[in-house]
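Good morning, and thank you for making the time. I should like to take you through two sheet regions and one helix pair, and I ask that you keep the structure in view as I speak.

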Amino acid sequence: MKKFVVHSPFEPSGDQPQAIQKLADGFLAGNKFQTLKGITGSGKTFTMAKIIEKIQRPTLIISHNKTLSAQLYKEFKNFFPENAVEYFVSYYDYYQPEAYIPARDLYIEKDSSVNDEIDRLRLKATYSLMERRDVIVIATVSCIYGLGMPELYKDMRIHIECGDSLDFSDLAKQLVSLQYHRNDIVLERGTFRIKGDVMDIFPPYMETDEAYRIELDWDQVVKIKRFNAITGATQEDLQETVIYPSKHFVVPQDMLYQACDRIQAELDDRLEVLRGQGKILEAERLKTKTTYDIEMMKEMGYCSGIENYSAPIANRAPGVPPTTLLHYFPDDFLCMIDEAHVTVPQVGAMYEGDRSRKQNLIDFGFRLPSALDNRPLKFDEFSKKMNQVIYVTATPRKEELEKSSLVVEQIIRPTGLLDPIVEVRPSEGQMEDIYREVKERIERHERSLILTLTKKMAEDLTDYLLGLDLKVKYIHSEIDTFERVEILKSLRSGEIDVLIGINLLREGIDLPEVSFIALLDADKIGFLRSTTSLIQIIGRAARNSEGKVVMYADRKSQAMEEAITETARRRSIQEAYNKEHGITPKTIAKAVEDILEHEKTEAKDTVEVEVDVLQKTMNLFVPAQRKKFIAALTKQMEQYADCLEYEKAAAVRDKILDIEKTYGK
């Protein structure tokens, strides 16, 4: 196995060394559940990377949404350039599940749009897990949904070695059984072509434009090459290669015929039940739909909605959990759950929502009862499949803490900065008090944030403070990303002194000039004033050595008490550490132009991927596709210009003009 090696210009510091050592030792000692309780700015991602380097095990990292998963994927790709860092998220750009609404007698067919690039990355993740152990997979909760059986995925692969006797006709049949398609004109992902004694195969999990070329001398394999499917240039000569299926759901023909018999038997039983209940319409509907699906599977090897028959195809008994990405990992893998306080409840919520929708389809004759077994894992099934888990969060829930045999805190920041001072003041006279605090910050060339509970309150408060000759702006969800960037840039540069908003907790917002946060209605009960939210709000002032948070309230809620107590505890530990090591906290010095720079870069990267995917799949002669492509190019040009990459922007502009001239607008 190739070793995991972290590449970074930094060495662990602050609390990181002890967190890495304790958690790695705990894992190797067999602890099933552990928690890394790391505060904002303490470098949790770096700690996670160093733990992987220390334990040398295949690792699954689960996050609760695609955005955070993408950020983690990018960071871990940088940390582990020599290892397989893979990305496994839902491949749907758009997904409308099949559903039936009895009250309106409305049946909604499944409708979806699959992102080919994400599909490739999913296939590459399972391919890497089959071929090597130095694998890190960054995934969302889509990893608990049904996937093809790993045994079949592995058993049906094709091994080709130089010197083997080979018949291209037999190989073509094998490839078709693996869901590849023959295309002798254009070599695309998931296709193969034959030209005389040469066969080209383009596995869908390969890097962009990479394919295999098999050359025969009579019936003997004499050369195997990995080559560029666009230029034809050879990239590597190989002694052997392995071709994995083009899809995760692949089944041998004989197994599919047996599955059809099981589906037919289940259909007969279900029709008897429905007719016995007097549901004649539902019975006829189910008979027509299922019979057609069986015929399609026998003739074509698949049917629309074949995933609903996954249980009879795999010969799983009712209630037996489906195979998922987790089943592709070896038994000794490590699972890290990022932002566990959000991700773990999300995993637990998936099953019931899926079941209620499917039950309606079954009751009204659209699906067989076995469709219920095409589902995400239940939470207890997920827990059993986990080998060893490290929860990673700044605010672990009671459930995570109770399960964990070891909780390691990461409180010391590498910068030496302390958690801010927190005060509680009465709401009466709060505007005058805020005005005094803000004026004091202005004199010190520092900035302030004010958090309200509603958009209307934010807008009204902005008008009030503008009347007091303060430079103020508000920010909320209706303001688009790049206007938000400009507002935050204005705050840092001093064009405005006060920013008012509802939820300024977005990850990546780094405002070292902010030394004062005013929190209105701090005692109100709700998500925006929960213990977790309050701790995160307080963290916004931890970038400045003079940071202070004032909560305006007429009483102390339990959430306030907990957040204040936790912040004071952390601050005392940080002060003791700094005193012991002679560290004087200093406000982070960061160029104003760096504000939210990652947002611009991320947006630019997203557009580049979109353009790349469209370019490979579209037909410029089709007006609708051409307009979509031109719109994507225009967006890319604007992103380049916004990032001051004017030469790239000009090149994209010329490309747009060339397309319009050749094909029309």
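Let me begin with a term: two strands are said to pair if DSSP finds at least two bridges between them. I should also say at the outset that this is a predicted model.

With that term in hand, consider strand β21, residues 447-451, and strand β24, residues 514-519, which pair in the parallel sense over five bridges. Within this pairing, leucine 451 stands opposite leucine 519 of β24.

Where do these two strands sit in the wider sheet? They belong to an open sheet of six strands, ordered β20-β25-β24-β21-β23-β22, with parallel pairing. At the edges stand β20 (421-425) and β22 (472-475); each has a single partner strand, so one side of each is left without a neighbour in the sheet. On average, neighbouring strands of this sheet are turned by 20 degrees against each other, direction ignored. As a general reminder, side chains in a regular strand alternate between the two faces of the sheet.

I turn now to the helices. Helix α17, residues 558-581, lies across β20 and β25 (548-552), and runs at about 150 degrees to β20. Its contact with helix α16 deserves a closer look. Two packed helices are described by the angle between their axes and the distance between the axes. For α16, residues 531-539, and α17, the axes come within 8 Å and cross at roughly 40 degrees. That angle makes α16 oblique to α17, and the crossing is right-handed.

Which residues make this contact? From α16, Thr531, Leu534, Ile535 and Ile538 take part; they meet Ala559, Met560, Glu562, Ala563, Glu566, Thr567 and Arg570 of α17. By class, the contact of α16 with α17 comprises six nonpolar, two polar and three charged residues.

Finally, please move to strand β11, residues 191-195. Is this strand mostly covered or mostly uncovered? It is mostly covered, as four of the five residues in β11 are buried. Strand β10, residues 181-182, runs parallel to β11 and is joined to it by two bridges; here arginine 182 has phenylalanine 192 in β11 as its bridge partner. With strand β12, residues 198-202, β11 pairs in the antiparallel sense over five bridges. In that pairing, the bridge partner of arginine 193 is aspartate 200 in β12. The hairpin of β11 and β12 has two residues between the strands, and glycine 196 there takes a positive phi near 65 degrees.

Thank you for your attention.

Terms used
Residues are numbered from 1 along each chain as its sequence is written. This is a predicted model: local features need pLDDT of at least 70, side-chain atom pairs count only at pLDDT 80 or more; totals for chains, interfaces and linings use all residues. Side-chain values use heavy atoms; hydrogens and water are left out. Buried means under 20% relative accessible area, exposed over 50%, partly exposed in between (1.4 Å probe, protein chains only). Axes are lines fitted to C-alpha atoms, for helices over the stretch in contact, and angles run from 0 to 180 degrees between N-to-C directions. Contact means heavy atoms within 4.5 Å. Angles under 35 degrees count as roughly parallel, over 145 as roughly antiparallel, 65 to 115 as roughly perpendicular and the rest as oblique. A crossing is left-handed if the near helix is turned anticlockwise from the far one by less than a right angle, and right-handed if clockwise. Ala, Val, Leu, Ile, Met, Phe, Trp, Tyr, Cys and Pro count as nonpolar, Asp, Glu, Lys and Arg as charged, and the others, Gly among them, as polar.
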